[in-house]
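Visitor: Please take me through one part of this model in close detail. I would like to see how two packed helices meet, and then what lies around them.

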Amino acid sequence: MPFRSKREISIDDERENAFRESGAFSDGRSDAHAPDLSLRTADFPRLRFSSSRAARFLTAFFDRCIVGCDAGEYRLESVLGQGRYGTSFSGIRRADGMEVVIKKIDRAESTSVREAVWTECAALSLLDHRGIARWLGIVNGRVTTCGSRVCVRALLPRHAAFYGIVQSRCPGKSLHLLLCEGHVFSMDEIASIGASLIETVAHCVSRGVLHGDIRPANVLVDEQGRVSLVDFGLARFFDRSLAESAVFTCAADDVDGIVETLLFLLYSDRARIRADRSGRPWFEELAISERQRSFLHDAFFRKESFDSFEEFGSRFAAAFSFRS
Amino acid sequence: MGLFSMSGKKKKGYYGGSSSYGKPGLGGLGGMMGMFGSFSSSSRKRQMYQQQMAQQQAAIHQNPVVQQTPQAAPAAAVSAQASSGSIACPACGASVPAGSKFCLECGNKIGGGFCAGCGAALPPGAKFCPACGTPRA
């Protein structure tokens, strides 16, 4: 990947800030103001207006119009964010008020998209863990208005079509959002989150499922410290009857994802960054114990030193001094 | 669901205060740390997912045990229904992958699922796994 100059990064910053201020995207927080379509490209003459970004902007705008409408037996309450295949909504099941997440799928008639839908649903069907959402159903129909609310989109046949995956709602905020808000993770919190995350991934691996996309945005933590792993859209599968050492090798990407997430949490506290080694690689820059450094180093570069996920979890607990 | 927050803060090294953590070419994994230093640029995300897809394809060719779909993964024993790979939805007649609890077309609840013990696809209404005999959860 080519190194990007500070100028290129600053242009991206301006572009992102412009889209953020327009209200097109939601990062989980409530966003009451309507999106501003008057994007002033003249203010950023050096920017190239990306057609893909414009498409996502318009998609998010139209998807916001159906908040408050009904999709099947569910009511759409708010927009959670935009994903790979469409917009995610929080909703409730009208029959019993159960909180759900509905992932609206765009271009659902496409074969490749349907295969991706089945991949995610199959992964959720294989798993049974308190930290992983349950697959509750499929919605394929039209958006309808409720009560006296008028929704233009619901009246248009083409735009009223709605195809979505319904999942149970996992509690908490994403680590990505917490980091953006400036939350500083203590070593105890990192130990707790890391242990829960490793245990959750170990369950996935025991059922022959690889998450494939572990990162702070896909890890939720609630106020009680319960950890949830979301977004199995890039899941892959393997034979669960393999030897434990082979299983750990298969899950190398997930192990990397866990360790990278831990590094993000470690970097949240500026006090852990050695000022005299600023700009160096993480294993030189971070002020952590030798045991923690050794564990992280082995997890990245010497995965053969772990026989199983159980050993991986126990070495993590020993390195980060977590006592259950 | 991956929530693509478009905050500009993380671009400025807000995640750790160290701009080098987000720079490619530095850190561990020969530069892969830099690849995950920021998630906000759409082009970077596209490149990341393209690389992931390429890696998945390469991994499949190199490691045949890792598969894209659960039906393709070898199991200890495969029932006749699971080996067929799909069943017909009783409501709309659409083809439904074996093991799916809901029809992917109409959303009708079919009640399949996978065995917690061996991972084999369970026929709708089955109380025990036909492959290993584990009671249905």
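Guide: What follows starts at one helix pair in chain A, then turns to aromatic rings and to chain B. Keep in mind that this is a predicted model.

Start with the pair itself. Two packed helices are described by the angle between their axes and the distance between the axes. Here the partners are helix 9 of chain A, residues 252–267, and helix 11 of chain A, residues 290–301. Their axes lie 9 Å apart, at an angle of about 145 degrees. The crossing of helix 9 and helix 11 of chain A is left-handed.

Which residues make the contact? From helix 9 of chain A come Val255(A), Asp256(A), Val259(A), Glu260(A), Leu262(A), Leu263(A) and Leu266(A). Helix 11 of chain A supplies Leu296(A), Ala299(A) and Phe300(A). Sorted by character, the contact residues give eight nonpolar, two charged and no polar.

Now stay on helix 9 of chain A and look at Thr261(A), which lies in this helix. Is Thr261(A) buried or exposed? Its relative accessible area is 2%. The cut-off for buried is under 20%, so Thr261(A) counts as buried. What does Thr261(A) touch, leaving aside its neighbours within four places in sequence? Its contacts are Leu175(A), Leu197(A), Ile214(A), Arg215(A) and Pro216(A).

Next, the aromatic rings. Over all chains, the count is 16 aromatic pairs. One of these joins Trp282(A) and Phe283(A). Their ring centres are 5.3 Å apart and their planes stand at 80 degrees. Planes over 60 degrees apart count as edge-to-face, so this pair is edge-to-face. The two residues can also be placed by accessibility. Trp282(A) is buried, at 1% relative accessibility. Phe283(A) is partly exposed, at 27%.

There is also an aromatic cluster in chain A. It is formed by Phe248(A), Phe295(A), Phe306(A), Phe309(A), Phe312(A), Phe316(A) and Phe320(A).

Finally, chain B, for context. It has three helices and three strands. From the N terminus, the order is α-α-β-α-β-β. Chain B has 137 residues, and 50% of them are buried. About 6,000 Å² of chain B is exposed, with 57% of that supplied by carbon and sulfur atoms. Take the contacts in chain B between residues at least 6 apart in sequence: 20% of them join residues at least 24 apart.

Notes
Residues numbered from 1 in each chain as written. Chains lettered and ligands numbered in written order. Predicted model: local features only at pLDDT ≥ 70, side-chain atom pairs only at ≥ 80, totals over all residues. Heavy atoms only, no water. Helix = DSSP H or I, 4+ residues; strand = E, 2+ residues; numbered from the N terminus. Buried < 20%, exposed > 50% of the residue type's maximum accessible area, 1.4 Å probe, protein only. Contact = heavy atoms within 4.5 Å. Areas by Shrake-Rupley, 256 points an atom, 1.4 Å probe, with all protein chains shown as cover. Phe/Tyr/Trp six-rings, centres within 6.5 Å; stacked < 30°, edge-to-face > 60°. Axes fitted to C-alpha atoms, helices over the stretch in contact; angles between N-to-C directions. Left-handed = near helix turned anticlockwise from the far one by under 90°. Nonpolar A, V, L, I, M, F, W, Y, C, P; charged D, E, K, R; others polar.
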